[in-house]
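Here is a short report on one protein chain. Please look over its sequence and fold before reading on.

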Amino acid sequence: MFNDTDIRLMQTALTLAWEGRFSTSPNPRVGCVIAHGDQIVGQGFHIRAGSPHAEVYALQQAGKLAQGATAYVTLEPCSHHGRTPPCAEALIKAKVKRVVAAMTDPNPLVSGKGLTLLTQSGIQTESGLLEQKARLLNRGFLSRIERGRPFIRLKCAASLDGKTALSNGQSQWITGEAARSDVQILRAESCAVLTGIGTVLADNPKLNVRTFPTLRQPIRIILDSRLQTPLDSFVIQDSNSLSIICTLVSDTQKHAPYLKHPNTSILCLSEKDGRINLNELMQQLAQQGIGEILVEAGAKLNTALIEAGLVDEIVLYQSAKMLGNSAKGLFLLPENNRILSETPDFFPSSADILGNDIKITLYNKKFS
């Protein structure tokens, strides 16, 4: 069904879509290539919510040359009126001959309707080309739509002996500058960065992107069951990004000092085993359009997320340093005497050397 030219041009569309990885949230990352045979006449990618979609940029570049061409799109063209007009209608108006989509859109507002509209207008449509690559590109968007919760990536930094901090809490710096710069990229790719109150009290973290310009900062999510976040902390005082304080405290009078800050909101949740109900939290965050979360937290929250079965990927930055037996570890999991004979839940997908550190990415087999 697909030839070598189709594959090459869809790969180009996927590469274009990746250009929007720092800015499209909550919208999916989408790229589009318009071509006659192997000759590209227009291309584009979606930049951010509210701006034109990838197809519109590609059609603008192609102009009259779009007539009779093939459009390669990494996600089914939309058929509904949102912030922007339907892309399927724009392709019909431009009189393209054929549309190839990497995958159909699981969003109920689209979900096959875009391809159907094109077909009814006499345009040849096909889908499924490089679908797995397209799904990986938009795993946060797909997780939010299909599973009703965000895709969760757990970032950890540890010494060679698996420690994250000295016994007194000191952790700056286990890893080197190259690894810390790489974390900035992970933040920029994410819809939100999540941490716990323990990290806020100990480190007063910024949880933002600082080493390069980006069109939007990730939302900060603080798990603070007893509402202890200091009002002078960076996550409250910084006005460049929204901070969501997640708590069990329902007293609105205690919320008031936080809500005086325009960048801060309070999310009240139910309790489970004396802690914030993590499954409920993730469902509510997905409903707010948050599809991909980077977790930068301590052992307690890391453990809770793993035990809840919510971690899809672990990114481990491992230093060659050794902190010793009394230093703090990555997790607080109980001993499992069966684990040596069991298949692990996480499998390595890549390993890279960053300066003097190693970056290991592991995926959860349940969600691959």
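The report covers the domains, their interface, an annotated site and two backbone features.

## Model and domains

This is a predicted model. The protein chain is divided into two parts: domain 1 spans 4-137 and domain 2 spans 148-367. The centres of domain 1 and domain 2, taken over C-alpha atoms, are 34 Å apart.

## The interface between the domains

Domain 1 puts nine residues in contact with ten residues of domain 2. Between them, the two domains bury about 800 Å². Carbon and sulfur atoms account for 55% of that area. On the domain 1 side, F22, S25 and R48 supply 59% of the area buried against domain 2. No other three residues supply more.

Polar and charged links also cross the interface. Two salt bridges are counted between domain 1 and domain 2. R29 forms a salt bridge with E292, and the closest N and O atoms are 3.7 Å apart. At 3.7 Å this pair falls within the 4 Å cut-off for a salt bridge. One residue pair is in polar contact across the interface, with both residues at pLDDT 80 or more. By class, the side of domain 1 that touches domain 2 has four nonpolar, three charged and two polar residues.

## The annotated site

Which residues does the UniProt annotation "binding site" cover? The unreviewed entry lists H53, C78 and C87. These residues span 35 positions in sequence, yet no two of their C-alpha atoms are more than 9.2 Å apart, so they gather at one spot.

Two of these residues can be placed in loops. H53 is in the loop between β2 (39-45) and α2 (54-62). C78 is in the loop between β3 (70-73) and α3 (87-93).

## Backbone features

Most peptide bonds are trans, and most residues other than glycine have a negative phi. Two places in this chain depart from that pattern.

The first is a cis peptide bond that joins S25 and P26, with omega of about 5°. P26 lies in the loop between α1 (4-18) and β1 (31-36). S25 also appears at the domain interface, as one of the three residues that supply 59% of the area domain 1 buries against domain 2.

The second is L130. Its phi is positive, about 55°, although L130 is not a glycine. L130 is found in the loop between β5 (124-127) and α5 (131-137).

Technical notes
Residues are numbered from 1 along each chain as its sequence is written. This is a predicted model: local features need pLDDT of at least 70, side-chain atom pairs count only at pLDDT 80 or more; totals for chains, interfaces and linings use all residues. Side-chain values use heavy atoms; hydrogens and water are left out. Domain bounds come from an automatic or database domain assignment. Contact means heavy atoms within 4.5 Å. Buried area is the accessible area (1.4 Å probe) that two parts lose on being put together, summed over both. A salt bridge is a side-chain nitrogen of Lys or Arg within 4 Å of a carboxyl oxygen of Asp or Glu. A polar contact is a pair of N or O atoms within 3.5 Å; within protein, one must be able to donate a hydrogen and the other to accept it, and residues adjacent in sequence count only if both atoms are side-chain atoms. Ala, Val, Leu, Ile, Met, Phe, Trp, Tyr, Cys and Pro count as nonpolar, Asp, Glu, Lys and Arg as charged, and the others, Gly among them, as polar. UniProt positions are given in the numbering used here, feature names are shortened, and annotations may be inferred rather than shown by experiment. Helices (H or I, at least four residues) and strands (E, at least two) are DSSP runs, numbered from the N terminus.
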